[in-house]
Amino acid sequence: MLKIQRYVLTVVMGVVAFLPTIGFFILKHELDPQTFWEKFAVWGGGIALFGGIQLAFFIIVIQLIISVVWDK
């Protein structure tokens, strides 16, 4: 794979990696929790639903960055 393709792939995957976080904040804004238990449920659900996806994307981005930096 060409070096420029790897850089483009890294940038695209970096943007994709933050989509779960952006989606969570949009969902939180739309639900607009008021009480402690509503906020607790929204944060708990957000972590449970989006946390695993975010972690997987983060690992992929780190692997891509390492492959671009140490490419020979």
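What follows is a walk through the fold, the surface and a handful of residues of a predicted model of one protein chain.

Starting with the overall layout, the protein chain has 3 helices and 0 strands. Read from the N terminus on, the elements simply run α-α-α. The radius of gyration comes out at 16 Å, well over the 11 Å that the globule rule gives for 72 residues, so the protein chain is more spread out than a compact globule. The C-alpha trace tells its own story in numbers, spanning about 55 × 15 × 15 Å along the principal axes.

Burial and contacts come next. Of the 72 residues in the protein chain, 18% are buried. As for contacts with a separation of 6 or more, 70% of them are accounted for by residues 24 or more positions apart. On the outside, the protein chain exposes about 5,700 Å², and carbon and sulfur atoms supply 77% of that area. Charges are worth a quick look too: there are 5 positive and 4 negative ones in the protein chain, and their mean positions sit 19 Å apart.

Helix H3 covers residues 36-69 and has a kink of about 40°, centred on Phe50. The buried residues in H3 are Val42, Gly46, Gln54, Val61, Leu64 and Val68. Their cover includes helix H1 (3-17) and helix H2 (19-31).

Turning to helix H1, Thr10 is found there. Thr10 has a relative accessible area of 16%, so it counts as buried, the cut-off being under 20%. Leaving aside residues up to four places away in sequence, Thr10 touches Leu64, Ile65 and Val68. Two of these partners, Leu64 and Val68, are themselves on the list of buried residues in H3. Gly14 also has its place in helix H1. With a relative accessible area of 19%, Gly14 is buried as well, because the limit is set at 20%. Gly14 and Gln63 are 49 residues apart in sequence, yet their C-alpha atoms are 11 Å apart in space.

Gly14 also appears in a second pairing, this time with Trp37. The two are 23 residues apart in sequence and 33 Å apart in space, C-alpha to C-alpha. Trp37 belongs to helix H3, and its relative accessibility of 62% makes it exposed, since anything over 50% qualifies.

Another residue of helix H3 is Ser67. Ser67 is partly exposed, at a relative accessible area of 28%. Paired with Phe18, Ser67 gives a sequence separation of 49 residues and a C-alpha to C-alpha distance of 20 Å.

Finally, there is the loop between H2 and H3, where Asp32 lies. Asp32 is not a glycine, but it has a positive phi of about 50° all the same. Its relative accessibility is 48%, so Asp32 counts as partly exposed, with exposed reserved for values over 50%.

Terms used: Residues numbered from 1 in each chain as written. Predicted model: local features only at pLDDT ≥ 70, side-chain atom pairs only at ≥ 80, totals over all residues. Heavy atoms only, no water. Helix = DSSP H or I, 4+ residues; strand = E, 2+ residues; numbered from the N terminus. Rg over C-alpha atoms; globule rule 2.2 N^0.38 Å. Buried < 20%, exposed > 50% of the residue type's maximum accessible area, 1.4 Å probe, protein only. Contact = heavy atoms within 4.5 Å. Areas by Shrake-Rupley, 256 points an atom, 1.4 Å probe, with all protein chains shown as cover. Lys, Arg positive; Asp, Glu negative; His and termini not counted. Charge placed at Lys NZ, Arg CZ, Asp CG, Glu CD. Bend = angle between axes of the 7 residues up to and from the residue.
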